[in-house]
Amino acid sequence: MGNAMIGGRSWIGLASVAALLLLWFGVTATGLVSAGRFPSPADFWLSLTQISLRGYAGGGLLAHALQSVKLVVMGFLVAIATGVPLGLWMGWDRRAEAAINPVFLIIRPIPPLAWIPLAILWLGLGDGAKIMVIWFAAFVPSVINAYAGVRNIDRPIIEAAQMLGTPRWRMITEIIAPAAAPMIFTGLRLSLQASWTTLVAAELVGALAGIGFVLNMAQQDIYPGMILVGMVTVGVLGWATTAALSLAERRALAWNVAGRD
Amino acid sequence: MQTIPLKTSEKWAWGALGLGSFLGLWAALSAFGIVPRQFLPSPLDVLTRFVQLLTTPFAGATLPQHLASSFQRYAYGVLLAAVIGVPLGLLMGWFRWLDAIVTPLFDGLRFIAPIAWVPFAALWFGVGIGGPILIIFAGAFPPCLINAYRGARFVEPRLIEAARMLGTGNLRMILEILLPAATPSIVSGLRVSAGLGWQSLVGAELIVAAAGVGFMMVQAQANVATPTVMAGMVAIGLIGMAIDVMLRQGEAWLRRRRGLQA
């Protein structure tokens, strides 16, 4: 399709990133984009060294990043610890599904970000409110995918296990959970993305530390260099946690990945 | 898995039980003061407040007026994302060199949560309409691009070979082969975009806006007006649901039409 350039692909990619960097340097150095609107590479570097070495918004870059990662991981873990079992149960038990689904249908259309004002009213500006909204954000994809994972299991597998008199507990740990695992991981990836978005929003609305707080302070100080540092940090952290999850997936689902190749 | 589906009556009974216990628990928590009523109003309080807000202004406008200004931003942001994302995705699906140029940049930007654009949005646009539009665009753009791109890349190769043999040029190839073949994928991308855009809108309005339903909720939060916050959540949920239902209908309609044609 098109003109094939498979060999030159990565080279072109590299060149386009380099071109973008050059363009960035060019438009800021010539004053085409004023320094008050978008930082130059030098501004970016200065802001980066400032926050890393001397700190900004009450802490160093590492401290803010750790605070954000801590909240995302905690909210995410609470969400999967509650969401995945609930999804598995709804997939397994038709009565549970019938009872829980309507409640779910009511709550689900409310975007996680819309819980932020309520979370702040209930829990204030501390860690609790953030964990609550991350929980809401990550909970829904966990439940839906675990549920769909169970529902998509081949019926003969389950019937065979039932016929062999597999006890209920072994049924869940050895048949249901492994068979639903690929779908569950898909849900976890969506959950993780939702967690980051929600955390950044929650920290922007009100926080005392964290990357969103850095962004908020930089916005109030009209400090474009620091805004860019905050954005890049958000991107790097999102990428790193997603990569960690993919690694966990490959470990946990080695059988499945091997089967796919 | 319990392989026998429930009877319809049983399903309704369990559903009513679930919903009843949810609302009952909520009402009880609030009525017996286990959670102070100021922070957890009863379901009835929220409903009353919702109805009130339809005619009484809060934070400068009534709920329908806030929703109207939210919806205007939302429409601009999502339309902009579709108008740029879909054609770019199709072009990337056809021209390999464009794919090679855009993909690394796109992948780099994608990990930045849309909401992280808020400070620049505020810097560039103040509390005007541009800020929320930028954030909605950032949220809605990726699915438009990705789905158009995938749709174009996975077109039946035979169709392309046949068209090529007949001497079809690039423009006609994209408009008459890739676009129709990619339409189902594009439409489901638009549905995802619409949902993400609505989410981003709420986030944007919580921070950079002087009107809109998100702004109303932040003002209510500052005044500890919990029923108003919750009424806002209800309104956001209802509109989000309506958007999703409409797009699902559209998608189903399109599938039926194409199914008949095939």
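Helix axes here are lines fitted to C-alpha atoms over the stretch in contact, and angles run from 0 to 180 degrees between N-to-C directions. Keep that handy for the exercises below, which work through a predicted model.

**Exercise 1. Work out how helix 3 and helix 6 of chain B are oriented relative to each other.**

Step 1: Get the geometry. Helix 3 of chain B covers residues 63-94 and helix 6 of chain B covers residues 130-153; their axes come within 6 Å and cross at roughly 30°.

Step 2: Classify the angle. Angles under 35 degrees count as roughly parallel, so helix 3 of chain B runs roughly parallel to helix 6 of chain B.

Step 3: Add the hand. The crossing of these two chain B helices, 3 and 6, is right-handed.

Step 4: Look at who's in the contact. Sorted by class, helix 3 and helix 6 of chain B bring together 24 nonpolar, five polar and two charged residues.

**Exercise 2. Do the same for helix 6 and helix 8 of chain A.**

Step 1: Helix 6 of chain A (residues 127-151) packs against helix 8 of chain A at about 155°, and the axes are 7 Å apart.

Step 2: The cut-off for roughly antiparallel is an angle over 145 degrees, so helix 6 and helix 8 of chain A count as roughly antiparallel.

Step 3: For the hand, helix 6 of chain A makes a right-handed crossing with helix 8 of chain A.

Step 4: The class split for this chain A pair is 19 nonpolar, eight polar and one charged.

**Exercise 3. Describe the contact between the two chains, then zoom in on one helix pair across it.**

Step 1: Count residues. Chain A puts 55 residues into the contact and chain B puts in 54.

Step 2: See which helices of chain A take part. Those supplying at least two residues each include helix 1 (9-29), helix 3 (61-92), helix 8 (168-205) and helix 10 (224-252). Helix 4 of chain A gives the most, with eight residues.

Step 3: Check the chemistry. The side of chain A that touches chain B holds 39 nonpolar, 10 polar and six charged residues.

Step 4: Zoom in. Helix 5 of chain A and helix 9 of chain B (residues 213-222) pack at about 10° with axes 9 Å apart, and are therefore roughly parallel.

Step 5: Name the residues. From helix 5 of chain A come Pro117(A), Ile120(A) and Leu121(A), which meet Met217(B), Val218(B), Ala220(B) and Gln221(B) of helix 9 of chain B. That contact has six nonpolar residues, one polar and no charged ones.

**Exercise 4. Find the domains of chain A and say how far apart their centres lie.**

Step 1: Domain 1 of chain A spans 8-34, and domain 2 of chain A spans 39-260.

Step 2: Taken over C-alpha atoms, the centres of domain 1 and domain 2 of chain A are separated by 33 Å.

**Exercise 5. Judge the predictor's confidence, chain by chain and for the complex.**

Step 1: Chain A has a mean pLDDT of 87, with 94% of its residues reaching 70 or more. Among its elements, helix 3 of chain A has the highest mean (93) and helix 11 of chain A (residues 254-260) the lowest (57). Over residues 1-6 of chain A the pLDDT is below 50, and this stretch has 10 contacts beyond near neighbours in sequence.

Step 2: Chain B averages 88, and 97% of the residues score at least 70. Here helix 3 of chain B has the highest mean (93), while helix 4 of chain B (residues 96-110) has the lowest (85).

Step 3: For the complex, the predictor gives an ipTM of 0.85 and a pTM of 0.85.

Key. Residues numbered from 1 in each chain as written. Chains lettered and ligands numbered in written order. Predicted model: local features only at pLDDT ≥ 70, side-chain atom pairs only at ≥ 80, totals over all residues. Contact = placed C-beta atoms within 7 Å. Helix = DSSP H or I, 4+ residues; strand = E, 2+ residues; numbered from the N terminus. Nonpolar A, V, L, I, M, F, W, Y, C, P; charged D, E, K, R; others polar. Domains from an automatic or database assignment. Parallel < 35°, antiparallel > 145°, perpendicular 65-115°, else oblique. Left-handed = near helix turned anticlockwise from the far one by under 90°. pLDDT = per-residue confidence, 0-100.
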